[in-house]
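Colleague: I would like to learn how to read a structure, one feature at a time. Could you take me through one?

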Amino acid sequence: MKTIDVDRSLCDNHGQCAIAAPAVFRMNSDGVLEYEETFDDALLDEVEEAVDVCPVQAIFLKD
Ligand code: SF4
């Protein structure tokens with residue numbers, strides 16, 4: 001299972017990841033990213049899409 005790590009020093013909280021993979025990434029009421037570190041394998045395609053669309057490449061998938 002892969003896990004997600006977001007580099008908060010890079011993230012600009014614009015939310016593209018939350019659009020690509022809303023089951024895993026969301027923006028809270030303060031406009032700050034929240035995310036699940038682990039996710040169902042069935043969501044891998046959309047999580048990889050989130051990695052691709054992040055404008056600052058802040059999302060990392062680890063084995
Ligand atoms: S797309 Fe990248 S920069 Fe934007 S909220 Fe998600 S992790 Fe942060």
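Modeller: We will go from the overall fold to the core, then to single residues and the ligand. Keep in mind that this is a predicted model.

Colleague: How many helices and strands does the protein chain have?

Modeller: Begin with an inventory of elements, then read their order. The protein chain has 2 helices and 4 strands. Along the sequence they follow the pattern β-α-β-β-α-β. The radius of gyration is 10 Å, close to the 11 Å from the globule rule for 63 residues, so the protein chain is as compact as a globular protein of that length.

Colleague: What box do the C-alpha atoms of the protein chain fill?

Modeller: Taken along the principal axes, the box is roughly 30 × 20 × 15 Å. Contacts add another view of the fold. Among those between residues at least 6 apart in sequence, 62% join residues at least 24 apart.

Colleague: What percentage of the residues of the protein chain count as buried?

Modeller: Burial is judged by counting neighbours: a residue is buried if 20 or more other C-beta atoms lie within 10 Å of its own, and exposed if 12 or fewer do. By that count, 17% of the 63 residues are buried.

Colleague: Which residues make up the largest nonpolar core?

Modeller: The general idea is that nonpolar side chains in soluble globular proteins tend to be buried together. Here the largest nonpolar core has 11 residues, among them Ile4, Val24, Phe25, Phe39 and Ile59. Helix H1 (16–20) and helix H2 (44–53) each supply at least two residues of this core. Val47 is a useful member to follow, since the core list includes Val47. Leaving aside neighbours within four places in sequence, Val47 is in contact with Ile4, Ala21, Val24, Phe39 and Leu61.

Colleague: Now a single residue. Is Thr3 buried or exposed?

Modeller: First place the residue, then count around it. Thr3 lies in strand S1 (residues 3–6). Thr3 has 12 other C-beta atoms within 10 Å, so it is exposed. An exposed residue can still have contacts: beyond four places in sequence, Thr3 touches Glu37, Thr38 and Lys62 in the contact sense.

Colleague: Where does Leu33 lie?

Modeller: Leu33 is in strand S3 (residues 33–35). Leu33 counts as partly exposed because it has 19 C-beta neighbours inside 10 Å. The cut-off for buried is 20 or more. Outside four places in sequence, Leu33 is in contact with Val6, Cys11, Asn13, Phe25 and Met27.

Colleague: How many residues apart in sequence are Thr3 and Leu33?

Modeller: Sequence separation and distance in space should be read as two separate numbers. Thr3 and Leu33 are 30 residues apart in sequence and 16 Å apart in space, C-alpha to C-alpha. For Leu33 and Ala50, the values are 17 residues and 13 Å. Ser9 and Asp45 are 36 residues apart in sequence, with 25 Å between their C-alpha atoms.

Colleague: Where is Ser9 placed?

Modeller: Ser9 sits in the loop between S1 and H1. Ser9 is exposed because it has 7 other C-beta atoms within 10 Å. The loop between S1 and H1 also holds His14. His14 has 14 other C-beta atoms within 10 Å, so it is partly exposed. The C-alpha atoms of His14 and Phe39 are separated by 21 Å.

Colleague: What phi does Asn13 have?

Modeller: Phi is a backbone angle, and its sign is worth a check. Asn13 has a positive phi of about 60 degrees although it is not a glycine. Asn13 lies in the loop between S1 and H1. Its 14 other C-beta atoms within 10 Å are why Asn13 is partly exposed. Gln57, also not a glycine, has a positive phi of about 55 degrees. Gln57 is in the loop between H2 and strand S4 (59–62). With 10 C-beta neighbours inside 10 Å, Gln57 counts as exposed.

Colleague: Last, the ligand. Which residues come nearest to the ligand?

Modeller: List the surrounding residues, then sort them by class. There are 14 residues around the ligand, and Cys11, Gln16, Cys17, Cys54 and Ala58 come nearest. By class, the shell has 9 nonpolar, 4 polar and 1 charged residues. Cys17 and Cys54 also appear in the largest nonpolar core.

Note on methods. Residues are numbered from 1 along each chain as its sequence is written. This is a predicted model: local features need pLDDT of at least 70, side-chain atom pairs count only at pLDDT 80 or more; totals for chains, interfaces and linings use all residues. A residue is near a molecule or strand if its C-beta atom, placed from the backbone, lies within 6 Å of it. Ala, Val, Leu, Ile, Met, Phe, Trp, Tyr, Cys and Pro count as nonpolar, Asp, Glu, Lys and Arg as charged, and the others, Gly among them, as polar. A nonpolar core is a set of buried Ala, Val, Leu, Ile, Met, Phe, Trp, Tyr and Cys residues joined through C-beta atoms within 7 Å. Two residues are in contact if their C-beta atoms, placed from the backbone, lie within 7 Å. The radius of gyration is taken over C-alpha atoms; the globule rule is 2.2 Å times the number of residues to the power 0.38.
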